[in-house]
Each structure stands twice: as structure tokens, then as C-alpha cells.
Amino acid sequence: MELILLGPPGAGKGTQSKLLETRYGVAQISTGDMLRAEVKAGTPIGLEAKSIMDAGKLVSDDILIRMIGERIKRPDCAKGFILDGFPRTVPQAEALDKLLHEQAVDLDAVIELKVDEAILVERISGRYSCAKCGEGYHDKFKQPKTPGVCDACGGTEFIRRPDDKAETVHARLEAYNAQTAPILPYYRARGRLFTVDGMAEMDEVEAQIEAVLRGLGVAAA
Ligand code: AP5
């Protein structure tokens with residue numbers, strides 16, 4: 001399965017792609033996570049990306065296209081992948097078409113998660129994750145079962161992303177509307193775009209995505 005999850009910041013791309021990764025047995029590829037790992041490791045890419053990400057802007061197409069080109073050739077992508085956060089511009093979408101063509105792979109679907117802006121801001125500003133294993137939580141929508149203890153690993157330290165500050169969230173939404181939304185017609189014209197209601201409960205969103213995939217003949221692992 002080759003799938004793209006598309007949507008504005010906070011739409012639920014990361015949440016859903018992790019659920020689908022387990023269910024479909026394919027690799028989840030988050031370009032945001034890859035860039036944050038580069039920042040943490042202090043690599044040249046990380047040093048270049050940090051201030052751009054902190055400002056809520058997009059990192060250069062060249063860097064992202066190179067990163068994805070290398071990533072989708074790794075063995076864990078042999079059965080397919082879910083892209084979360086890529087492509088984010090028309091040049092990235094065009095470059096992805098070329099990369100997939102070179103590997104004789106067809107894109108199954110681009111699924112857009114549609115969510116109103118006021119809800120996005122609420123979701124992003126309440127989000128945090130376990131510092132040890134990265135499991136995601138939310139002040140209102142998803143709290144650990146035991147307060148202060150990660151459900152997944154028992155960790156007790158939690159962190160918030162630097163770009164989740166209110167002022168940066170607005171810059172990220174602007175970048176989405178100006179640079180990413182134009183790829184929706186790109187995929188619509190190719191008959192690949194499907195839209196689901198990202199404002200529903202998490203398991204309902206998952207069910208909607210699975211219904212799209214079933215309709216395309218893509219079966220769970
Ligand atoms: P990235 O990490 O990709 O961030 P983003 O697109 O802004 O998306 P988010 O991770 O904020 O949100 P999400 O849609 O994954 O939502 P989530 O599931 O967490 O990118 C960060 C930065 O890296 C960019 O700004 C850019 O600088 C750079 N970058 C990355 N890729 C790039 C590219 N290709 N080109 C250039 N630059 C790039 O959900 C959010 C919250 O809501 C969570 O707390 C969750 O629990 C909750 N939630 C989710 N679903 C539901 C639901 N149905 N109901 C209630 N709550 C829900």
C-alpha cells in the first residue's frame with residue numbers, strides 16, 4: 001500500500017498514520033519526525049531546518065525530496081508506506097511522482113483529513129508527548145490512563161513541541177493554505193484524492209480511512 005495522508009497541522013495525520021502502520025503492516029514516514037531527529041542530532045540538515053520549523057515555515061523542497069528519495073528505498077518500505085507530512089508543495093508532489101515511477105510503484109490514494117481551523121488550534125495547543133517513547137497525548141482529548149505516567153512505556157516526563165506555540169501555529173496554518181492546499185487539485189485531477197471528516201472521533205476517522213482503502217481493494221495485513 002502506498003498512501004499519503006494530507007491535511008493541515010493538527011488534522012490527525014500522525015495519529016492516524018500510526019494506527020494504519022500497525023493495521024496494514026507498512027512503514028509510517030513522517031517528514032516532521034525525520035526533521036526533528038536531524039535537529040536533535042545536530043546534523044547540517046537539522047541546523048538549517050531548526051529556525052525554519054520554529055518559525056512555522058516550510059523547509060526547502062531540495063532537502064525534503066532528497067530525504068524522502070532515500071527513505072522510501074529502505075527495506076521496511078518493501079510492502080509500502082504511509083506518508084505523513086510529504087508532499088507539502090506542488091514541486092514535492094511532482095518529485096514524488098517521479099520517485100514512484102522509478103520504482104514502478106503506484107500511489108493507491110491521497111486521503112485528506114478535513115478539520116476546521118478553530119479545532120486545529122485547540123488540538124495543537126493541547127498536544128504533548130512522552131519524552132521517552134514519543135507516545136502522543138492531549139490535555140483534553142487523550143490523557144494517560146494514570147495521570148503523569150505514559151501508557152506505552154511508563155515514562156513520567158512529557159514534552160511539548162516548540163512550534164506548537166499559538167503564534168507559530170498561525171504561521172503553520174498560513175503555510176498550509178498558501179503552499180500545501182494547492183496540491184489538492186493536483187491529486188484530484190489524477191483521480192487519487194479522497195476526503196474524510198477529520199473532526200470525528202479518532203476511531204471513526206480511522207474507520208472512514210479504512211472504508212476508502214477497502215473500496216480500493218487494499219486489505220489490512
Ligand atoms: P509536521 O511534524 O509534519 O507537523 P504538521 O503537519 O504541522 O502536523 P502535526 O504533527 O502538527 O499534526 P498532525 O496532523 O500529525 O496531527 P496529530 O495526529 O499530531 O511538520 C513540522 C514542521 O516540519 C513543518 O512546519 C515544517 O517546518 C517541517 N516539514 C515537515 N515536512 C515538511 C515538508 N514535506 N516540506 C517542508 N517542510 C516540512 O494530532 C494533533 C492533536 O490532535 C493530537 O494531540 C491528537 O491526540 C489530537 N487528535 C488527533 N485526531 C483527533 C480526533 N479525531 N479527535 C480529537 N483529537 C484528535
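Helices (H or I, at least four residues) and strands (E, at least two) are DSSP runs numbered from the N terminus. The views below show a predicted model, in which local features need pLDDT of at least 70 and side-chain atom pairs count only at pLDDT 80 or more, while totals for chains, interfaces and linings use all residues. Residues are numbered from 1 along each chain as its sequence is written, and side-chain values use heavy atoms, with hydrogens and water left out.

**View 1. The shell of residues around the ligand.** The ligand is surrounded by 34 residues, where a residue is near a molecule if one of its heavy atoms lies within 4 Å of it. The closest of these are Thr15, Lys57, Arg88, Arg127 and Arg172. Helix 1 (13-24), helix 2 (31-41), strand 6 (136-138) and helix 9 (202-215) each contribute at least two residues to the shell, and helix 2 gives the most, with four. By residue type, the shell holds 14 nonpolar, ten polar and ten charged residues; here Ala, Val, Leu, Ile, Met, Phe, Trp, Tyr, Cys and Pro count as nonpolar, Asp, Glu, Lys and Arg as charged, and the others, Gly among them, as polar.

**View 2. Polar side-chain atoms beside oxygen atoms of the ligand.** A polar side-chain atom of Arg88 is placed 2.5 Å from an oxygen atom of the ligand, and for Arg127 the corresponding distance is 2.7 Å. Lys13 likewise has a polar side-chain atom 2.9 Å from a ligand oxygen. Taken alone, the ligand exposes 1,000 Å², of which the protein buries 94%; accessible areas come from the Shrake-Rupley method with a 1.4 Å probe, and for residues only the protein chains shown count as cover.

**View 3. Lys57, one of the closest residues to the ligand.** The loop between helix 3 and helix 4 holds Lys57. With a relative accessible area of 59%, Lys57 is exposed, since exposed means over 50%, buried under 20% and partly exposed in between (1.4 Å probe, protein chains only). From C-alpha to C-alpha, Lys57 and Asp164 are 13 Å apart in space, although 107 residues separate them in sequence.

**View 4. The largest nonpolar core and a second one apart from it.** A nonpolar core is a set of buried Ala, Val, Leu, Ile, Met, Phe, Trp, Tyr and Cys residues joined through side-chain atoms within 4.5 Å. Among the 30 members of the largest core, Ile4, Ile29, Ile68, Phe81, Leu83, Leu96 and Tyr187 touch the most other members. Elements that supply two or more of its residues include strand 1 (2-6), strand 2 (27-30), helix 4 (61-71) and strand 3 (81-84). Another core, of 23 residues, lies apart from this one, and its members include Ala11, Leu173, Ile209 and Val218.

**View 5. Helix 4 and what covers it.** Along helix 4, the residues Ile63, Leu64, Met67, Ile68, Gly69 and Arg71 are buried. An α-helix has 3.6 residues a turn, so residues three or four places apart point the same way. The cover over the buried residues of helix 4 includes strand 2, helix 2, helix 3, strand 3 and helix 5. From helix 2, Met34 is in contact with Met67 and Arg71, as well as with Ile29, when neighbours within four places in sequence are left aside; contact means heavy atoms within 4.5 Å. Met34 counts as buried because its relative accessibility is 18%.

**View 6. Gln16, a buried residue of helix 1.** At 2% relative accessibility, Gln16 counts as buried, and its side chain reaches the backbone oxygen of Met202 at 3.1 Å. This is a polar contact, a pair of N or O atoms within 3.5 Å; within protein, one must be able to donate a hydrogen and the other to accept it, and residues adjacent in sequence count only if both atoms are side-chain atoms. Leaving out residues up to four places away in sequence, Gln16 touches Leu5, Leu113, Met202, Val205, Glu206 and Ile209.

**View 7. Backbone features in two loops.** In the loop between strand 3 and helix 5 lies Pro87, and the peptide bond leading to it from Phe86 is cis, with omega near 0°. The loop between helix 5 and strand 4 (109-114) contains Ala104, which has a positive phi of about 55° although it is not a glycine. Ala104 counts as exposed because its relative accessibility is 72%. Asp106 belongs to the loop between helix 5 and strand 4 and is exposed, with a relative accessible area of 58%.
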